[in-house]
Amino acid sequence: MSAILGSLGLGAEGEETLRRMRAAQTGESVHATSADGRRTLLLDAELRDRSELRAALGAAGIDVPVAPAAQDGPADPAADAALVLAAYEAWGSEALDRLDGGFALALHDAEAGTWTLARDPFGLRPLHYWVEEHPAGEGAAALLASEVRTLLASGRVERSLDEAAVHRFLLDGVLDDGPRTLVAGVRRVQPGELVTLSADGVRTDRFSHLREELEAIASRPGRPLGQGTAAEVRRLLADAVHRALPGDGPVSTTATGDLASAALAGTLASASAATSGSGESDRPQPRAALLPGTDPGAAEHLDALAAATAGRLETRLVALDPQRFLAELQDLVLLLDEPVAGPEAYARWAVLRGAAPGGVELSALGGDEATGGLPEHLAVHLRALRSGRRLGTLARSAVGARTALREAASETLAARTPVPAAALLDSGFVAAHERVRPSAAAQDLSARLVGDVFGDALRTRLRIEDRLSRAAGIESRAPFLDRRLLTLLLSLEDSAHMDGGRPQRILREAAAGLLPAAALGRSGGGATVPAGAWLVALAPAVREIFASDAFDARPFTDSRSVLALFDDAVAHPEHHRTEVLWRLLCLELWLRAVLDDPDAAPVAQTPVEQEDERPKSDYDANPGKQLDLVSEADGITWRRFPLQTALVARGDDVEAIARERVETFAAGLQDGALPAGAPWYFVISEKIIAITQGRSWFTWEIHPRPAAKILSRFVTRTPAGIGLGDPTTMELALREVGLPRVVLASAAGAAGKLLGRRGVFYEVVGANVRAIDGPTPYSAFPSNVSAKLPPKDPDQVSARISAAIRASDLPAAVRDAFVGTVVMDANDIGRNVLGTDVDTPRERLEATFADNPLGQGRQRTPLAILVDLGTTDPR
């Protein structure tokens with residue numbers, strides 16, 4: 001395996017820095033130097049069509065010596081580097097657009113004092129750099145390497161997280177949609193990008209315009225699907241396969257139950273038949289791989305494919321042992337140099353390790369993206385028909401796609417309740433990194449295909465495939481990404497990809513004769529990994545990781561929320577999606593294997609306290625709030641002392657909690673904090689009471705009915721709370737007042753909006769529904785993963801709490817000034833007294849919390865002492 005490593009402007013300590021980096025890198029640096037010694041090219045590449053590049057150079061009068069077996073077969077990497085360097089010296093950066101295959105390169109110009117970095121247009125090979133500005137305009141130092149961990153080994157790159165990149169990964173699974181990496185200060189060269197490092201800093205440009213060319217093609221009127229189009233696609237796929245074949249050595253591909261991999265296997269089987277006279281060990285060998293958990297239809301599809309290839313398809317079940325998986329996952333993240341988003345990468349590793357070393361594995365990656373095979377493509381097509389008012393075609397397509405639509409609807413309305421990823425993260429981390437929504441995906445099918453071909457999801461899978469295959473001693477090549485084939489596929493009209501609701505029409509027609517009817521009629525994806533079942537199988541070991549001090553000390557985690565969700569996911573896997581848990585697990589293992597300093601002291605047994613969770617004095621306001629407020633309702637000055645509490649749970653004695661906190665508050669009173677004779681109230685958040693009464697549930701304990709999922713989509717969410725805009729809270733509303741009343745209130749609310757009147761919905765549905773709270777990621781656990789009904793009988797609860805306070809151990813003057821208890825529902829946009837045992841007007845009490853002094857983040861201050869500083873008799 002080749003690797004790139006270099007430096008710029010390191011000074012006297014440069015050689016030691018490079019020594020440390022060389023010791024840590026995977027693979028050897030491959031280089032070539034120009035005849036005059038000015039330029040040195042470092043290359044990490046798997047090139048095809050070397051003969052075409054050499055012929056073009058020859059036509060320009062440039063002769064590059066070549067080893068006898070290196071025309072288009074497995075060449076000496078140094079010979080490839082010499083070939084690319086010669087092309088660059090002849091044509092400059094335009095030469096890079098002529099290269100066919102995955103590559104990363106770094107060109108050092110000793111005379112100019114620069115490094116020029118580039119990656120192939122699809123980003124198969126990674127390349128990273130780090131720049132350190134020198135003071136007083138003395139230039140910049142830079143390091144470059146294929147792997148992040150090589151840069152970290154230098155000792156110059158700080159081992160700190162780029163929290164914005166971590167935020168993107170945990171919330172969206174995105175790793176490679178921009179230059180930022182998970183390590184602060186380390187940047188990634190983007191596909192098709194040219195980066196120049198010099199003493200003046202960093203300059204970026206693009207050498208590849210492939211995406212722009214394909215976007216321009218896709219924007220034109222689509223090419224009709226004529227009689228010869230399918231045959232042309234079939235020919236171009238066969239040509240792409242032929243160009244991907246090595247000069248010698250074994251070649252294989254793996255069918256996993258989807259149409260793209262089946263078409264590739266059929267094409268390779270056809271090539272195998274054509275070369276049946278060659279050596280048995282060297283002829284092309286398609287394989288079929290079934291993973292545990294794959295749907296039964298995939299097995300039937302592969303059986304039919306095996307029969308059609310007359311024994312040329314080797315079928316095998318890939319055994320995946322979750323215990324072995326966890327033991328090897330640390331090795332996997334080291335190998336990939338990045339965390340993975342789930343167990344799928346390991347499954348692919350298990351498949352590739354079964355291939356013959358020294359050969360080539362043809363990958364079907366890009367096939368679904370270029371031929372309309374993703375579920376999202378069907379949705380884009382149907383929306384386009386609807387917006388174009390092509391209702392007849394829409395109806396026929398909906399009927400043709402009924403199986404896919406039924407599966408999508410079943411997934412949407414499944415009992416599994418997704419927990420927002422942000423609810424499992426530290427509140428300060430979430431607040432500091434506003435979610436960057438990906439740009440809206442194109443709603444034109446042709447444009448969408450181009451976007452997906454160059455999108456982060458495929459790019460990441462290609463990079464993982466390339467790295468895993470090289471670790472297995474083979475090369476991976478993706479014929480569907482052949483430039484000529486892509487150009488044709490993306491020039492076709494929509495009906496070539498979607499016909500009557502059936503996706504991948506062009507691929508089905510092109511593969512007719514290669515594949516049996518069962519394979520051509522196959523819909524849906526290929527092999528799958530039962531991620532939820534694996535999580536259950538690994539529960540003890542995974543829980544130990546999530547419960548560890550190291551995990552708790554990460555700046556992005558709320559380990560209590562993670563553990564609560566994990567424990568219920570293990571107990572009730574049928575209720576849960578597990579993507580976020582897998583990301584957290586894989587990120588933690590990557591941090592331990594790559595980012596954590598191996599020489600640092602172990603994490604302290606007492607987890608590092610987050611700043612917003614340090615104990616707060618009873619006599620201080622919450623951060624960003626104030627103790628005293630002049631009420632707009634009565635002009636009186638009110639003092640509010642927020643009181644922190646420990647977590648409460650179902651069945652806890654709320655009266656005992658109130659009594660203990662008031663006694664503690666009174667015992668530490670300082671002079672002037674509570675003026676003698678000033679009336680005071682005890683205020684308690686309705687959340688505390690609801691939790692102790694058992695009227696609060698984890699979101700995964702609530703299983704919304706279909707009506708709740710549908711109705712919640714029409715609710716507007718606000719920054720202060722999710723309201724009924726979540727299926728879990730809508731389900732609680734339906735339980736509280738019934739479906740007919742909610743539907744009636746929805747209709748009344750819609751009519752009210754037309755008349756310019758807001759709030760009609762809650763007038764009809766009632767105050768109890770208004771007080772329903774949903775999960776808020778910025779709140780303290782368990783409120784960040786809970787939904788709750790308002791407390792039951794809040795007036796009676798207020799009276800009992802007041803009695804407990806009057807019976808507590810308080811100074812007589814403090815006890816005599818006590819007025820009573822208020823149950824308050826307050827947030828940043830409103831407040832509502834739900835219950836009280838005092839005669840003070842509720843509007844007057846609500847005005848005292850106009851600035852929400854208890855906060856609604858993770859302050860953990862659901863209680864307050866409210867002091868009337870402006871009168872001696874508020875009653």
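**Figure 1. The largest nonpolar core of this predicted model holds 80 residues.** Inside this core, Phe546 and Leu584 are the residues with the most contacts. Helix 27, which runs over residues 579–595, gives the core its largest share, with twelve residues. A second core, separate from this one, has 61 residues, among them Leu210, Ala244, Leu445 and Leu486.

**Figure 2. A close look at Phe546 and its contacts.** Which residues does Phe546 touch once its neighbours within four places in sequence are left aside? They are Phe551, Ser559, Val562, Leu563, Phe566, Leu581, Leu584 and Leu585. You have already met one of these partners: Leu584 is, like Phe546, among the residues with the most contacts inside the largest core.

**Figure 3. The whole protein, for orientation.** Let us step back for a moment before the next close-ups. The protein has 875 residues, and 54% of them count as buried. Its secondary structure comes to 37 helices and 25 strands. Look at contacts between residues at least 6 apart in sequence: 73% of them join residues at least 24 apart. The protein exposes about 36100 Å², and carbon and sulfur atoms supply 52% of that area.

**Figure 4. Helix 5 (residues 163–172) is largely enclosed by the rest of the structure.** Why can we say so about helix 5? Seven of its ten residues are buried, so the rest of the structure largely encloses this helix. The buried ones are Ala165, Val166, His167, Arg168, Phe169, Leu170 and Leu171. What do the buried residues of helix 5 pack against? Their partners are helix 16 (427–432) and helix 27. Helix 27 also appears in Figure 1, where it supplies twelve residues of the largest core.

**Figure 5. Leu302 sits in helix 9 (residues 296–308).** Is Leu302 buried or exposed? Its relative accessible area is 0%, so Leu302 counts as buried. Try finding Gly257 in the same view: it is 45 residues from Leu302 along the chain, while the C-alpha atoms of the two are separated by 6.3 Å.

**Figure 6. The largest cavity has a volume of about 140 Å³.** The structure holds seven cavities of 30 Å³ or more. Sixteen residues line the largest cavity, and the closest to its centre are His128, Val148, Arg188, Asp337 and Glu338. Sorted by class, the lining has eight nonpolar, three polar and five charged residues. How can empty space be found at all? Rolling a probe the size of a water molecule over the atoms shows where empty space is left.

**Figure 7. Gln504 and Asp793 each have a positive phi without being glycine.** For Gln504, phi is about 60°. Gln504 lies in the loop between strand 17 (502–503) and helix 21 (505–511). With a relative accessible area of 6%, Gln504 is buried. For Asp793, phi is near 50°. You can find Asp793 in the loop between strand 22 (786–788) and helix 35 (794–806). Asp793 counts as partly exposed because its relative accessibility is 39%, which falls between the limits of 20% for buried and 50% for exposed.

**Figure 8. Arg695 lies in the loop between helix 29 (686–692) and strand 21 (696–698).** Is this charged residue buried or exposed? At 17% relative accessibility, Arg695 counts as buried, because the cut-off for buried is under 20%. Setting aside neighbours within four places in sequence, Arg695 is in contact with Ala690, Glu736, Ala787, Lys788, Leu789, Pro790, Pro791 and Lys792.

**Figure 9. Asp837 lies in the loop between strand 24 (830–836) and helix 37 (842–847).** Asp837 has a relative accessible area of 30%, so it is partly exposed. Not counting residues up to four places away in sequence, Asp837 touches Ser798, Ala799, Ser802, Gly820 and Thr821. Asp795 is 42 residues away along the chain, and its C-alpha atom is separated from that of Asp837 by 6.0 Å.

**Figure 10. Arg713 is found in the loop between helix 30 (706–712) and helix 31 (727–737).** Arg713 has a relative accessibility of 55% and therefore counts as exposed. Leu724 is eleven residues from Arg713 in sequence, and the two are 9.0 Å apart in space, C-alpha to C-alpha.

Methods
Residues numbered from 1 in each chain as written. Predicted model: local features only at pLDDT ≥ 70, side-chain atom pairs only at ≥ 80, totals over all residues. Heavy atoms only, no water. Core = buried A, V, L, I, M, F, W, Y, C linked by side-chain atoms within 4.5 Å. Buried < 20%, exposed > 50% of the residue type's maximum accessible area, 1.4 Å probe, protein only. Helix = DSSP H or I, 4+ residues; strand = E, 2+ residues; numbered from the N terminus. Contact = heavy atoms within 4.5 Å. Areas by Shrake-Rupley, 256 points an atom, 1.4 Å probe, with all protein chains shown as cover. 1 Å grid on protein atoms, 1.4 Å probe; cavity = no way out; pocket = protein on both sides within 12 Å on 5 of 7 lines; lining within 4 Å. Points joined across faces, edges and corners; volume = space filled by probe spheres on them. Nonpolar A, V, L, I, M, F, W, Y, C, P; charged D, E, K, R; others polar.
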